[in-house]
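Subject: Structure handover

Dear colleague,

Please find the structure below, passed on to you for your own reading. My notes follow it.

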Amino acid sequence: MKGRRNGKFIDSFDFVAKCNIWDFDDSQKVDLGSKCDFVYGRPKVQNLKLNLESFDSNIVRLFCFLPKTTKGWEIWSQDHLYFIEKHKKYNFDFRVIASTDFNHLENILSSVPLTGIVAIHDLLKNGASEVHA
């Protein structure tokens, strides 16, 4: 996405979901747009902590976090507790994707689904009439 200057095109949609974005600043808006209604991913990946200061609580409607799985996410609880503690200060709405939905996708794909696949499935399941990826 970097360097493609798709920001205005992305902002032309009614709702915008972004995946695995931990920091959102003005320098990215030319490429990614300024809209960000839904954020999908994990609140922390390795040393990348979600920078809540960079998200406008008037724009982001919901953070949707991937559920705890059996493969390689030993620090899931720690990551989510980190977000909940930060959440108190910023008052963002958030939820965790249902494990049953995640496991269903994992079974269909025969591998751990990418965050974008989880987001598309979740948006369609929750009322989106179409999704552009």
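How are α4 and α5 oriented to each other? The model is predicted, and what follows was computed from it.

Helix α4 spans residues 99–109, and helix α5 spans residues 115–125. Their axes come within 11 Å and cross at roughly 125°. An angle over 145 degrees would count as roughly antiparallel and one from 65 to 115 as roughly perpendicular; α4 and α5 are therefore oblique to each other. The crossing of α4 past α5 is right-handed.

On the α4 side the contact is made by Asp101, Phe102, Leu105 and Leu109. These meet Ile117, Val118, His121 and Lys125 of α5. By class, the contact holds five nonpolar residues, two charged and one polar.

Asp101 deserves a separate entry. This residue belongs to α4 and touches His121 and Lys125, leaving aside residues up to four places away in sequence. Its relative accessible area is 14%; the limit for buried is under 20%, so Asp101 is classed as buried.

Next, the nonpolar cores. The largest has 13 residues, and those with the most contacts inside it are Val39, Phe55, Val60, Phe63 and Phe92. Two or more residues of this core come from each of β5 (62–65) and α3 (76–90). Another core, of eleven residues, lies apart from it. Cys64, Phe102, Val118 and Leu123 are among its residues. Two of these names, Phe102 and Val118, also appear in the contact of α4 with α5.

Regards

How values were computed
Residues are numbered from 1 along each chain as its sequence is written. This is a predicted model: local features need pLDDT of at least 70, side-chain atom pairs count only at pLDDT 80 or more; totals for chains, interfaces and linings use all residues. Side-chain values use heavy atoms; hydrogens and water are left out. Helices (H or I, at least four residues) and strands (E, at least two) are DSSP runs, numbered from the N terminus. Buried means under 20% relative accessible area, exposed over 50%, partly exposed in between (1.4 Å probe, protein chains only). Contact means heavy atoms within 4.5 Å. Axes are lines fitted to C-alpha atoms, for helices over the stretch in contact, and angles run from 0 to 180 degrees between N-to-C directions. Angles under 35 degrees count as roughly parallel, over 145 as roughly antiparallel, 65 to 115 as roughly perpendicular and the rest as oblique. A crossing is left-handed if the near helix is turned anticlockwise from the far one by less than a right angle, and right-handed if clockwise. Ala, Val, Leu, Ile, Met, Phe, Trp, Tyr, Cys and Pro count as nonpolar, Asp, Glu, Lys and Arg as charged, and the others, Gly among them, as polar. A nonpolar core is a set of buried Ala, Val, Leu, Ile, Met, Phe, Trp, Tyr and Cys residues joined through side-chain atoms within 4.5 Å.
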